[in-house]
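Subject: Structure for you to look through

Hello,

Here is the structure I promised to pass on to you, and below it I have written out what was found. Please keep the sequence and the 3D view open beside this message while you read.

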Amino acid sequence: MLVVKNVSKRYGDFTALQQINLEFNTGLYGLLAPNGAGKTTLIKMLATLITPSEGEIYYNGKNIIAMDEQYRELLGFLPQQFGYYKNYSPKQYMLYLAALKGLGKKEALRKIDELLEKVALGDVVNKKMKKFSGGMIQRVGIAQALLNDPKILILDEPTAGLDPKERARFRHLLTELARDRLVIISTHIVSDIESIANEIIMIKNKQLLYKDSVENICSTLKGNVFETTVNFELMKAFRKKYVLLSEKQEYGKMIVRFIHKGVPEVEWKPVVPELEDVFLYEYRDEIEGEV
Amino acid sequence: MKKDQFKIPMPDDSTIVRQISQIVSQGLVKRESFSSYLQSMVQQVGWRHLFSDRLELSFILTIVIGIYSLFLIIPNQVEIQDLYAFIFLLSPILFLALSIYTYVNKTQNATYDVEMACKYNVYQVIAFRMLAFSVSTLILNTLAIAFIAMKFEEIHFMRAFMLSGTSLFLFSIILLVALMNRRTKGIVTVTLTVWIMGNTLLKSANNDFYNGVLLHIPVIVYAVILLCCLIIYMNYLKKLIVFKQVEGVF
Ligand SMILES: Nc1ncnc2c1ncn2[C@@H]1O[C@H](COP(=O)(O)OP(=O)(O)OP(=O)(O)O)[C@@H](O)[C@H]1O
Ligand SMILES: [Mg+2]
């Protein structure tokens with residue numbers, strides 16, 4: 001359906017993405033990568049906000065930039081920073097956006113009520129948005145992306161600022177939406193997508209690292225993830241030797257989860273790798289560099 | 001105007017009008033889709049949403065009308081060429097104020113990303129508005145010129161009108177080119193400065209030439225220049241409609 005072909009993006013001298021090839025079909029795709037990896041860059045190209053420096057993106061064989069408004073009619077988009085007019089109510093803002101999307105007023109009004117209900121903002125439709133909390137604004141953002149019943153729904157970090165209850169509701173909504181359309185969401189929070197995404201896309205060093213199901217991605221670390229307890233005094237040496245995934249204290253000892261490729265020691269308990277393990281392992285240099 | 005040294009036969013006003021409409025209708029054949037595009041834009045989006053910041057726009061309009069009304073209190077003993085020069089210099093001012101406000105407001109607003117992903121995106125709305133602004137500026141200028149022509153008998157309405165129209169569309173083209181080629185916000189200031197400085201320099205440095213251009217070029221020549229400007233302007237507006245910021249992430 002949507003094909004990214006040999007796409008690179010440069011900002012001046014800086015290369016943000018290099019030679020990306022991807023293919024999307026109906027379903028839910030999770031774009032998972034750390035800060036600055038180029039998620040927003042890829043997403044903005046998919047939404048035609050910026051054009052690739054090299055390569056093309058096709059929708060059903062047609063270049064999306066050449067398709068122009070034909071493509072935008074199919075598109076629902078939530079940017080990472082969802083801008084709004086302070087003095088507008090969600091209803092006013094969505095009416096405005098619906099008009100820009102070419103929807104008739106009657107249809108728009110019906111759709112707006114339905115969508116705001118769906119994101120649990122039914123009682124504040126006429127309240128000015130400057131009085132909204134961050135999470136409420138984010139939910140308006142999610143609702144407006146659905147206004148034109150898009151065939152392609154692209155959301156850049158939609159769960160930022162949502163509480164656990166809203167996150168759960170949102171995951172449910174996404175699963176429902178992804179049944180008959182293409183949904184692409186970016187995030188660096190593994191739990192947001194691990195249970196619902198059909199495929200995960202990971203970007204590393206400006207290039208595509210994985211585009212696969214959660215199961216297949218996790219199996220790349222099969223037999224390499226272990227848990228064991230370590231004395232405090234030995235922790236320093238242990239950290240140097242292995243790639244640590246997590247550590248927690250218990251009864252004066254540390255329980256650590258780590259990666260080892262090679263022959264394991266007897267007291268180590270092998271565990272099933274999870275998506276978070278792969279994330280921490282693959283981006284270990286970048287993550288340690290940030291700390 | 002006895003010293004008219006150009007010996008070009010002057011067609012009368014009705015001939016001019018007829019010729020203009022003929023050239024326009026021929027020149028605009030290919031743009032049929034553009035006008036119907038604009039039409040469907042009005043139908044689907046509606047004036048209300050196309051001019052969502054009406055309050056700010058009417059504020060600008062009021063200020064500019066205030067500036068225009070200064071023309072009514074100018075002393076009666078004023079040089080004709082100065083009046084023409086002022087008309088030439090000031091004609092684009094309403095268009096400029098409204099367009100720049102719109103451009104900066106739309107492209108720098110936090111809602112840019114959201115609006116860019118809509119069927120009618122930021123640049124299409126800007127292009128539409130600029131067209132509307134140039135039409136309203138033209139109307140307002142015509143009114144102002146009619147007043148001036150009534151007050152100063154030496155001012156030819158037709159000449160002043162052509163001069164003002166040429167100035168408006170010439171400037172519009174310069175602004176559009178500047179907006180589309182440079183992404184810096186400073187470009188607007190530069191365009192404006194170049195326009196004012198250019199006019200002032202021409203006026204002071206080579207007074208005879210400038211006055212000659214303003215006073216003695218036959219109206220028909222202005223009509224042709226005006227028409228060319230109009231066509232180029234429409235072409236640039238069309239380009240703005242499919243315009244893409246290449247580097248874009250602000
Ligand atoms: N307009 C720009 N000009 C120059 N460099 C840019 C621009 N936009 C992004 N970059 C750079 O491109 C890289 C990728 O940025 P991008 O915003 O795509 O990352 P991201 O994965 O979305 O990060 P985050 O999780 O923080 O949102 C970063 O190194 C960033 O500094
Ligand atoms: Mg981002």
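A residue is called buried when its relative accessible area is under 20%, exposed when that value is over 50%, and partly exposed when it falls in between. Gln80(A), with a relative accessible area of 33%, is therefore partly exposed. Please bear in mind throughout that this is a predicted model.

Gln80(A) is a good place to begin, since the magnesium ion (ligand 2) is coordinated by its OE1 atom and by OG1 of Thr40(A), at 1.8 to 2.2 Å. Thr40(A) lies in helix α1 (residues 39-46) of chain A, while Gln80(A) sits in the loop between β6 (75-78) and α4 (90-100) of that chain, so the pair ties together parts that are 40 residues apart in sequence. When you count the partners of the ion, remember that water is not among the atoms, so a site may look incomplete.

Turning to chain A as a whole, its secondary structure comes to twelve helices and 14 strands, and its C-alpha trace spans about 70 × 45 × 35 Å along the principal axes. Of its 291 residues, 52% count as buried, and its accessible surface comes to about 13,700 Å², with 48% of that belonging to carbon and sulfur atoms. Among the contacts in chain A with a separation of 6 or more, 66% are accounted for by residues 24 or more positions apart. Chain A also carries 41 positive and 38 negative charges, and the mean positions of these two groups are 5 Å apart.

What does the secondary structure of chain B hold? There are twelve helices and zero strands in chain B, so that, read along the sequence, its pattern is one α after another. Of the 250 residues of chain B, 47% count as buried, and its accessible surface comes to about 12,800 Å², of which 68% belongs to carbon and sulfur atoms. For contacts in chain B between residues at least 6 apart in sequence, 82% join residues at least 24 apart.

Lastly, a word on the cysteines. A disulfide is a covalent bond between the sulfur atoms of two cysteines. How many disulfides does the structure hold over all chains? The number is zero. Two cysteines you may like to find in the view are Cys218(A), which is buried with a relative accessible area of 8%, and Cys118(B), which is buried with a relative accessible area of 0%.

Best wishes

Key. Residues are numbered from 1 along each chain as its sequence is written. Chains are lettered from A and ligands numbered from 1 in the order in which they are written. This is a predicted model: local features need pLDDT of at least 70, side-chain atom pairs count only at pLDDT 80 or more; totals for chains, interfaces and linings use all residues. Side-chain values use heavy atoms; hydrogens and water are left out. Helices (H or I, at least four residues) and strands (E, at least two) are DSSP runs, numbered from the N terminus. Buried means under 20% relative accessible area, exposed over 50%, partly exposed in between (1.4 Å probe, protein chains only). Contact means heavy atoms within 4.5 Å. Accessible areas come from the Shrake-Rupley method with a 1.4 Å probe; for residues, only the protein chains shown count as cover. Lys and Arg count as positive and Asp and Glu as negative; His and the chain ends are not counted. The place of a charge is taken as NZ of Lys, CZ of Arg, CG of Asp or CD of Glu. Donors are N, O and S atoms within 2.8 Å of the metal (3.2 Å for Na, K and Ca); water is not among the atoms, so sites may look incomplete. A disulfide is a pair of cysteine sulfur atoms within 2.5 Å.
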